[in-house]
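This report describes a single structure for a reader who meets it here for the opening time. The sequence and the structure are displayed below.

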Amino acid sequence: MIAFLLLLLLAMPIVEIALLLQGAVIIGVIPVILLTVSTALLGGYLIKRQGLTAMQELRGDLSENRPPVAAVIDGASLLVAAPLLMTPGFITDAVGFALLVPPIRYALARAVLRRLQEAHQRGNIVIIKR
């Protein structure tokens, strides 16, 4: 897993630069720069808006003594999406915007939780209960 993350950390900037250069060749340098800046601005706006909504849901859940599962998933997804959208590149933007779509966000959360439960059952993860 660590080797995969290290490979991803090294390969992603190279792939992103190659795609930005290819985009500059196809549609021009100025449009690529404008696309990069506009996705960062749009992403920042959407994250702020969805973040405020998640905070309202969190407050509502806590005031009604419900576990704030959806609000926590939304908040965690937004924390991951924000730097992806602020990073120049087409792939990081696509992943960041995908995390802003609730059905994709919840499907990803279910998959992550399923993997954590499987790892816990195998004994690879120890969960401390209070």
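In which helix is Leu19 found? Leu19 is found in helix H1; helices (H or I, at least four residues) are DSSP runs, numbered from the N terminus. The model is a predicted one, in which local features need pLDDT of at least 70 and side-chain atom pairs count only at pLDDT 80 or more, while totals for chains, interfaces and linings use all residues. Residues are numbered from 1 along each chain as its sequence is written, and side-chain values use heavy atoms, with hydrogens and water left out.

**Leu19 and the nonpolar patch**

With a relative accessible area of 35%, Leu19 is partly exposed. The term belongs to a three-way scale: buried means under 20% relative accessible area, exposed means over 50%, and partly exposed lies in between (1.4 Å probe, protein chains only). The C-alpha atoms of Leu19 and Ile91 are separated by 8.6 Å, although these residues are 72 residues apart along the chain.

Leu19 also belongs to a nonpolar patch on the surface, together with Val15, Val25, Ile26, Ile27, Leu35 and Phe90. Together these residues have about 610 Å² of accessible area, a quantity obtained by the Shrake-Rupley method with a 1.4 Å probe, where for residues only the protein chains shown count as cover. Patches are made of residues with over 30% relative accessible area and no salt bridge; nonpolar side chains (Val, Leu, Ile, Met, Phe, Trp, Tyr) are joined within 5 Å, and like charges within 9 Å. Helix H1 (residues 2-27) supplies the largest share of the patch, five residues. Phe90, another member of the patch, is placed in helix H4 (residues 90-98) and counts as partly exposed because its relative accessibility is 30%.

**Helices H2 and H4**

The axes of helix H2 (residues 29-63) and H4 come within 11 Å and cross at roughly 25°. H2 is therefore roughly parallel to H4; axes are lines fitted to C-alpha atoms, for helices over the stretch in contact, and angles run from 0 to 180 degrees between N-to-C directions. Angles under 35 degrees count as roughly parallel. The crossing is left-handed, a term used if the near helix is turned anticlockwise from the far one by less than a right angle.

**Salt bridges**

A search of the whole structure finds three salt bridges. Each is a side-chain nitrogen of Lys or Arg within 4 Å of a carboxyl oxygen of Asp or Glu.

| Pair | Closest N to O distance |
|---|---|
| Arg66 and Asp61 | 2.6 Å |
| Arg66 and Glu64 | 3.1 Å |
| Arg105 and Asp74 | 2.9 Å |

Arg105 lies in helix H5 (residues 102-122) and Asp74 in helix H3 (residues 69-86), so their pair ties together parts that are 31 residues apart in sequence. Both Arg105 and Asp74 are buried.

Asp61, Glu64 and Arg66 are linked in a network of salt bridges. Within this network, Asp61 is buried, with a relative accessible area of 12%, whereas Arg66 is partly exposed at 41% relative accessibility.

**Asn65 and Ala107**

Asn65 lies in the loop between H2 and H3. Although Asn65 is not a glycine, its phi is positive, at about 55°. Asn65 is exposed, with a relative accessible area of 71%.

Ala107 has its place in helix H5 and is partly exposed, with a relative accessible area of 36%. From C-alpha to C-alpha, Ala107 and Val32 are 31 Å apart in space, and they are 75 residues apart in sequence.

Technical notes:
Helix = DSSP H or I, 4+ residues; strand = E, 2+ residues; numbered from the N terminus. Parallel < 35°, antiparallel > 145°, perpendicular 65-115°, else oblique.
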